[in-house]
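Reader: I am new to this structure and should like to understand how its descriptions are justified. Could the reasoning be set out step by step?

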Amino acid sequence: MSQIRMPDLTVNDGISDDAELRLRAAQITPLSWAQHKALREALIKAGFPPEVASTTPLTAANPQHMLEQLKRRRLELLAPGVIAESIHTDVLVAGLVRAPENLRMDEQRWAGVFKMPRYTAYTEDGTAACMLDLADPRLGMDKERAAAFFFDQIKLIDAEIELKNKYGADICAHGIRIGGTLFPALLRFPGRVPIGGLETGDCYGRAYFVQEKEGMTASRVLAALEMVPTNATELREHPLQKHRANLLAIAGKITAPEPALITERERLMLVRAVMPATKIVLNVKDVSLVEARRRVVAQHHIEQPTPFSSDTAWQIRAEAVLDSLQAKGHLKTHTGTDATETRRWLDNPTEIPTHTAHRDDIAALGAATLLLDPDTTGDRHITAALRTRGVTGRDRTRARSFLAATVIARAVPGQVGRQSALERALNAKGLRGMDVDTRPIEVILADARSELADARLQRARGNTSIRPMGRATQQIALRGAFYLTCGTGDTVLLERSALGAGKGEGQEPGQLLAFLAATHQGLEQLAQAIFDGRRGYPVRRLVKDQQAADRPEPPLATERMTAPDLRELARTPDDPVEDPSASAMLAEDGDELHIEVAAITTRLGTMRERRDDGASATVIQQRGWKDPRGTIANDLEKAAKLLRNWEMRHEILGQGSSPDLDYSEGDITEADL
């Protein structure tokens with residue numbers, strides 16, 4: 001099991017995981033019987049029914065803080081026309097009731113799928129709560145049927161949350177960071193005492209993801225809340241109190257003067273435990289508690305803040321990432337420039353004169369800074385910075401390419417459609433981990449040609465472990481892609497695949513770019529795009545075997561590259577490599593061996609199915625088969641052993657080992673065959 005030593009944890013953006021974990025640990029304090037009684041009395045005085053007041057203390061992360069809040073509760077405007085008394089405190093998620101009335105389910109309710117009754121207002125003896133009454137005789141349910149119905153309906157809400165809520169993965173990994181609004185609730189089932197608790201008014205999803213990960217199913221939560229402690233012993237044995245004790249044990253390891261090791265499981269249990277700064281509504285004025293709850297939930301989900309446009313959101317995220325990388329010394333720089341100058345290039349590329357840097361220089365600098373190899377220190381800083389700007393869960397899938405495209409496209413403002421094609425191109429296999437290269441393009445291209453020739457030779461020899469792109473090839477591919485998507489001309493040449501594209505036309509720009517960079521003619525065309533793009537010309541189309549060159553005159557209209565021509569070029573492979581080496585011939589032998597083994601398998605299948613006319617069983621089933629020469633099985637076993645030996649040798653020694661290595665005494669040799 002993985003373990004974590006405090007306080008040596010990875011540093012995130014501006015705050016360490018250690019500091020956050022210490023804060024989480026400090027949020028949870030013990031709950032004594034005296035505190036439980038005092039909280040129960042204060043909650044009843046504030047307007048909670050006794051059933052709710054008896055279980056709410058079990059959900060207080062810091063019981064003393066909740067008690068102090070209750071002593072100075074205040075009025076606030078919750079929603080239009082809703083004035084309420086409330087408190088703000090941290091709560092333990094394990095004991096929250098998943099709200100059975102969920103406005104998100106109204107569409108399914110009117111479709112006849114969701115059938116959970118709505119809340120009714122409970123008001124007795126000056127107290128109030130939202131009540132779900134499954135004991136109503138009009139429903140005609142007995143104890144077992146009501147419980148089954150309730151949990152079946154809760155599962156429908158859970159499924160809707162899983163489908164619609166995109167923050168589940170982040171909550172499970174990092175816990176809840178934003179508190180919700182909770183309301184007192186009473187649940188009545190036939191043949192059972194009423195169950196009281198705090199229900200998840202506007203934070204069902206947050207509570208659901210944590211409870212599911214921690215094994216607190218809806219049924220376990222209700223079973224725990226049904227057990228109302230009446231003395232210190234019952235409190236000590238209560239499931240939610242034992243849960244608190246487990247959390248305190250973990251927190252003690254972290255807050256001790258000499259912190260102890262904690263496991264990853266313990267870390268996750270602690271960070272998921274608390275919903276911070278949560279509003280608990282005690283009572284409301286002028287309207288029923290049920291109506292107040294509906295107004296609050298509706299306002300939070302319908303009257304949302306004005307959203308950012310997608311481009312604005314990514315610009316904000318780009319600024320956060322660049323700020324973080326600059327502060328931590330991870331901005332890539334050109335020779336003779338510092339981080340401040342690099343940042344000026346990336347922030348205002350249109351203000352940089354071409355004699356200082358070409359637009360593709362800035363594009364390459366942005367890609368080198370933001371498209372880092374996975375799980376490197378700089379890449380982890382990018383992850384942390386993105387998380388502070390709402391990039392979590394499924395949004396992380398292509399976050400790096402969106403980020404890089406946003407920064408690179410600053411050099412071509414207002415170009416509709418170009419940034420989308422550029423983002424897809426930046427997904428090309430092989431672009432991660434680029435260097436900053438300030439050499440002339442002619443020099444880089446010469447190296448890229450050598451890299452490509454070597455890569456093609458290695459692939460012909462069966463070596464599949466080589467990089468998708470060499471260092472120089474990365475430069476040509478990235479810079480060429482910039483001008484093919486953001487260069488001069490009315491159309492994007494490295495274009496997105498069309499909706500309903502036919503066979504062979506569905507490749508996205510990233511795939512096309514990888515294909516181009518893997519062929520001689522494609523590499524030359526990418527280099528030609530750089531030469532022409534730097535002069536502000538449309539991209540010139542090269543003919544077969546023509547090399548890229550920096551030409552002073554613009555291409556004629558008939559010489560210009562088109563998007564269909566570029567796509568066709570990407571789909572055109574190079575001629576096979578003629579390689580007489582032993583490695584190449586061995587690769588060909590392997591292909592032949594695959595065919596021969598397939599023939600043996602086919603032959604065995606044919607033999608297995610042979611049967612006499614009218615017979616129900618095959619000959620093999622009736623009496624098997626014996627090799628009259630007695631050599632086939634033995635020879636196949638030796639061959640298989642030899643192949644496994646070769647595979648093991650390959651895994652241990654690698655593809656670049658010396659050809660002079662001899663067989664060891666335990667090896668099977670060709671003589672054994």
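Author: Two strands are said to pair if DSSP finds at least two bridges between them. The model discussed here is a predicted one.

Reader: What makes E4 and E5 a pair of strands?

Author: Strand E4 (residues 120-124) and E5 are joined over five bridges, in the antiparallel sense. Pairing requires at least two bridges, so five bridges satisfy the definition. As an example of a bridge, Glu 124 has Thr 127 in E5 as its partner.

Reader: What do E4 and E5 form, and how many residues are between them?

Author: E4 and E5 form a hairpin, with two residues between them. Asp 125 is in the turn, that is, in the loop between E4 and E5.

Reader: Why is Asp 125 called exposed?

Author: The relative accessibility of Asp 125 is 80%. Exposed means over 50%, and therefore Asp 125 counts as exposed.

Reader: What is notable about the phi of Asp 125?

Author: Phi is positive in Asp 125, at about 55 degrees, although this residue is not a glycine. Most residues other than glycine have a negative phi. Ala 277 also has a positive phi, near 45 degrees, and is likewise a residue other than glycine.

Reader: Where does Ala 277 lie, and why is Ala 277 called exposed?

Author: Ala 277 lies in strand E9 (residues 274-285). Its relative accessibility is 54%. Because exposed means over 50%, Ala 277 counts as exposed.

Reader: What makes E5 and E6 a pair of strands?

Author: Four bridges join E5 to strand E6 (residues 181-188), and these strands run parallel. The definition asks for at least two bridges, so E5 and E6 pair. Asp 133 has Arg 188 in E6 as its bridge partner.

Reader: Is Ala 129 of E5 buried or exposed, and how do you know?

Author: Ala 129, in strand E5 (residues 127-133), has a relative accessibility of 1%. Buried means under 20%, so Ala 129 counts as buried. Leaving aside neighbours within four places in sequence, Ala 129 is in contact with several residues, among them Pro 49, Tyr 122, Leu 186 and Leu 289.

Reader: How do you know that both faces of E5 are covered?

Author: On one side, Thr 127, Ala 129, Met 131 and Asp 133 are buried. On the other side, Ala 128, Cys 130 and Leu 132 are buried. Seven of the seven residues of E5 are thus buried.

Definitions and conventions:
Residues are numbered from 1 along each chain as its sequence is written. This is a predicted model: local features need pLDDT of at least 70, side-chain atom pairs count only at pLDDT 80 or more; totals for chains, interfaces and linings use all residues. Side-chain values use heavy atoms; hydrogens and water are left out. Buried means under 20% relative accessible area, exposed over 50%, partly exposed in between (1.4 Å probe, protein chains only). Contact means heavy atoms within 4.5 Å.
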